[in-house]
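Hi,

Here is the structure I promised to pass on. Have a look at it first, and then read my notes underneath.

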Amino acid sequence: MAEIILSTGRGGTGKSTFATLAARHLSPPMLLIDLDPDESLADMLGFDLAQKGISTISDKLYDILEAGKSGQEDPAVALEKIGSLIETECLYKGDNEIDLIVLGTKLTKGCYCMPDDLLKGVMPIFIDRYANVVIDSPAGLEHLNRKVVSDLDDIFVILDPSSKSLQHIGRIRDLTEELKIKYKNFYLVANYGFDTEQQTYFEDSGQNFLGKIAFDPDVAAYNLSGQSLLKLPESSPASLSVKNILTIANLSR
Ligand SMILES: Nc1ncnc2c1ncn2[C@@H]1O[C@H](COP(=O)(O)OP(=O)(O)OP(=O)(O)O)[C@@H](O)[C@H]1O
Ligand SMILES: [Mg+2]
């Protein structure tokens with residue numbers, strides 16, 4: 001049974017960077033799940049999903065519904081085999097045993113309920129095959145409401161140095177309780193913007209604070225040029241700090 005890890009936090013704190021760098025240091029085989037409509041994980045892994053011939057779950061669902069409308073195939077029949085459709089058409093199999101599934105953008109105005117439900121339904125099939133599953137969530141808390149996964153092992157909240165981040169921690173805790181989302185560990189991680197004083201505040205706060213992700217100009221440069229963060233040098237400060245954080249959490253390989 002896989003360790004299920006959620007990377008969450010406010011907008012732009014470094015959730016996707018953390019999820020991608022974590023993939024370098026967790027034991028394979030591992031699955032990255034991108035719940036963000038911005039679909040940034042494939043970019044951070046240095047490839048274009050469509051060019052690889054892989055669909056997002058939302059795109060697949062859209063195709064099924066459109067085929068239904070035009071009478072090509074009954075959506076109910078297509079949805080019966082959704083597990084194998086997602087496996088063959090939505091699962092990117094990385095050659096380094098780091099696989100990726102992307103939820104994708106909204107189908108129509110409103111909600112993600114259908115693609116979420118599909119993902120929720122097929123998750124148990126996939127989870128069993130991996131040693132680690134890392135879920136990269138969009139900013140905000142809507143994804144928790146949608147309960148794509150309600151049984152997590154580790155929640156990593158990536159913080160920026162703002163009072164809003166502090167409030168955010170409380171809101172995540174309240175929401176997980178309200179929605180009965182189970183988790184074993186709730187960790188706080190400072191992003192690259194923290195200064196020493198702000199870091200000390202969290203170290204002394206009595207919360208499960210695991211440290212700071214160091215600023216690393218290569219992260220931004222790799223993101224800009226479309227290079228995979230998995231190819232950052234061993235000495236990358238950001239990668240080393242994520243390794244250190246995972247080691248403290250007993251998760252590093
Ligand atoms: N350790 C770091 N050093 C330097 N730049 C970083 C670091 N971590 C993240 N960044 C930069 O910060 C920006 C935001 O990072 P990222 O996309 O990981 O945040 P996010 O929380 O996933 O954002 P969103 O809420 O939009 O999903 C990116 O431009 C990234 O290159
Ligand atoms: Mg992101």
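**The sheet**

Strand E2 (residues 30-34) and E4 run parallel and are paired through 5 bridges. Here two strands pair if DSSP finds at least two bridges between them, and the elements themselves are DSSP runs, numbered from the N terminus: helices (H or I) of at least four residues, strands (E) of at least two. Before going further, please keep in mind that this is a predicted model, in which local features need pLDDT of at least 70 and side-chain atom pairs count only at pLDDT 80 or more, while totals for chains, interfaces and linings use all residues. Residues are numbered from 1 along each chain as its sequence is written, with chains lettered from A and ligands numbered from 1 in the order in which they are written.

Within the E2 and E4 pairing, Leu32 sits opposite Leu100 of E4. Leu100 is also the bridge partner of Tyr92; strand E3 (residues 91-92) is joined to E4 by 2 bridges and runs antiparallel to it. E3 and E4 make a hairpin with 5 residues between them, and Glu97 in the turn has a positive phi of about 65°.

Zooming out, 8 strands form an open, mixed sheet in the order E3-E4-E2-E5-E1-E6-E7-E8. Its edge strands are E3 and strand E8 (209-212), each of which pairs on one side only. Elsewhere in the sheet, strand E1 (residues 3-9) and strand E6 (residues 154-159) run parallel and share 5 bridges, with Thr8 partnered by Val157 of E6.

How many residues of strand E4 (residues 98-102) are buried? The count is 5 of 5, where buried means that 20 or more other C-beta atoms, placed from the backbone, lie within 10 Å of the residue's own (12 or fewer is exposed, in between is partly exposed). Both faces are covered, with Ile98, Leu100 and Val102 on one side and Asp99 and Ile101 on the other.

**Helices H1 and H11**

H1 is mostly covered too, with 10 of its 11 residues buried, including Phe18, Leu21 and Arg24. H1 packs on H11 at an angle of about 75°, with the axes 9 Å apart; axes are lines fitted to C-alpha atoms, for helices over the stretch in contact, and angles run from 0 to 180 degrees between N-to-C directions. That makes the two helices, H1 and H11, roughly perpendicular, a label for angles of 65 to 115 degrees. Thr17, Phe18, Leu21, Ala22, Arg24 and His25 of H1 meet Ala238, Ser239, Val242, Lys243 and Leu246 of H11, contact being C-beta atoms, placed from the backbone, within 7 Å.

**Around ligand 1**

Which residues come nearest to ligand 1? Of the 21 around it, they are Lys15, Ser16, Thr17, Ala139 and Ala238, where a residue counts as near if its C-beta atom, placed from the backbone, lies within 6 Å. Helix H1 (15-25) and helix H10 (217-225) each supply at least two residues of this shell. The shell divides into 8 nonpolar, 9 polar and 4 charged residues (Ala, Val, Leu, Ile, Met, Phe, Trp, Tyr, Cys and Pro are nonpolar, Asp, Glu, Lys and Arg charged, the others, Gly among them, polar).

One last residue to look up is Gly14, in the loop between E1 and H1. Gly14 counts as buried because it has 22 C-beta neighbours inside 10 Å. Leaving out residues up to four places away in sequence, Gly14 touches Ile158, Asn191, Tyr192 and Ile213.

Best wishes

Definitions and conventions
Angles under 35 degrees count as roughly parallel, over 145 as roughly antiparallel, 65 to 115 as roughly perpendicular and the rest as oblique. Two residues are in contact if their C-beta atoms, placed from the backbone, lie within 7 Å.
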